[in-house]
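Student: I'd like to understand where the labels come from. Could you take me through this one and show how each label is earned?

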Amino acid sequence: MEFLKLAEKRYSCKKYSDRMVEEEKLTAILEAGRLAPTAKNLQEQHIYVATTAESLAKIDECTPCRYGARTVLVIAFNKENVYTYPGGKRDSGIEDASIVATHLMLAAADADVDSCWVNCFDPDKLHSLLGLPEDEEILMLLDLGYADAEAAPLPNHFSRKPLTDTVTHI
């Protein structure tokens, strides 16, 4: 699919059907995340695939935003394996995990799998419930699945500012 058409078509799905994401599609989505660029190629990301009733229940304890998705990716990164930028004020952890998550989200759209980027949760609580390693930090969740027949983009989804409002040539 042409990239701009893919970007235009993708929306945050807020209601999923019961249909599971096929293993081959899930693997392709995860592969896209694996190929994402990271600072100094540190690849500090770790993706947890939640599909069991037990893991999804733990996610539900932390967020109302699973929307019935039968697969949720928990995108985390190793805080001890990041590149610290000159000046020492920032490191690559959050941005690298965000790049990985974006690759996952767009690969899902390319595979005709719907998704929703979720940040509405307590990361420390979820980290504890899932028993993740101490050196990892959860960045976000990515709901994956197939939209329910009644699902549709939010009314403001197609409202975009013109480039002249968001881009300045200097």
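Student: Which residue in S4 is the bridge partner of Val74?

Tutor: Leu141 is the partner of Val74 there. Before we go on, this is a predicted model, where local features need pLDDT of at least 70 and side-chain atom pairs count only at pLDDT 80 or more, while totals for chains, interfaces and linings use all residues. Residues are numbered from 1 along each chain as its sequence is written, and side-chain values use heavy atoms, leaving out hydrogens and water.

Student: What makes S2 and S4 a pair of strands?

Tutor: Two strands pair if DSSP finds at least two bridges between them. Eight bridges join S2 to S4, so they pass. The two run antiparallel.

Student: And how do you know that S3 pairs with S4?

Tutor: Use that rule again: S3 and S4 share five bridges, in the antiparallel sense. In this pairing, Val118 stands opposite Leu141.

Student: What makes something a helix or a strand here?

Tutor: Both are DSSP runs, numbered from the N terminus: helices are H or I with at least four residues, and strands are E with at least two. That gives six helices and four strands in the chain, in the order α-α-β-α-β-α-β-α-β-α.

Student: Why is Thr63 called buried?

Tutor: Buried means under 20% relative accessible area, exposed means over 50%, and partly exposed is in between (1.4 Å probe, protein chains only). Thr63 has 6%, so it counts as buried. You'll find Thr63 in the loop between helix H3 (53-62) and strand S2 (71-78).

Student: What does Thr63 touch, not counting residues up to four places away in sequence?

Tutor: Contact means heavy atoms within 4.5 Å. Thr63 touches Val118, Cys120, Phe121 and Leu141. You've met Val118 and Leu141 already, facing each other across S3 and S4.

Student: How buried is strand S4?

Tutor: Nine of its ten residues (136-145) are buried, so by the cut-off for buried the strand is mostly covered. For the chain, buried residues make up 40% of the 170 residues.

Student: How do you know that Ser92 and Glu44 make a polar contact?

Tutor: A polar contact is a pair of N or O atoms within 3.5 Å; within protein, one must be able to donate a hydrogen and the other to accept it, and residues adjacent in sequence count only if both atoms are side-chain atoms. The side chains of Ser92 and Glu44 are joined at 3.1 Å, so the distance fits the limit. Ser92 sits in the loop between S2 and H4, and at 0% relative accessible area it is buried.

Student: Why is the link between Lys9 and Asp112 called a salt bridge?

Tutor: A salt bridge is a side-chain nitrogen of Lys or Arg within 4 Å of a carboxyl oxygen of Asp or Glu. Here the closest N and O atoms are 2.6 Å apart, so the pair qualifies. Lys9 is in helix H1 (residues 3-9) and Asp112 is in the loop between helix H4 (93-110) and strand S3 (114-118), so the bridge ties together parts that are 103 residues apart in sequence. Lys9 at 35% counts as partly exposed, and so does Asp112 at 48%.

Student: What separates Glu31 and Arg34 along helix H2?

Tutor: About one helical turn, because they are three residues apart in H2 (residues 23-34). Their side chains meet in a salt bridge at 2.6 Å, N to O.

Student: How exposed are Glu54 and Lys58?

Tutor: Glu54 has 55%, which makes it exposed, while Lys58 has 22% and counts as partly exposed. These two also form a salt bridge, with the closest N and O atoms 3.4 Å apart. Both lie in helix H3, four residues apart, about one turn.

Student: How many salt bridges are there by this rule?

Tutor: Eight. Lys15, Asp148 and Glu150 are linked in a network of them.

Student: What makes the chain's radius of gyration agree with a compact globule?

Tutor: The radius is taken over C-alpha atoms, and the globule rule is 2.2 Å times the number of residues to the power 0.38. With 170 residues, that rule gives a value near 15 Å; the chain has 17 Å, which agrees.
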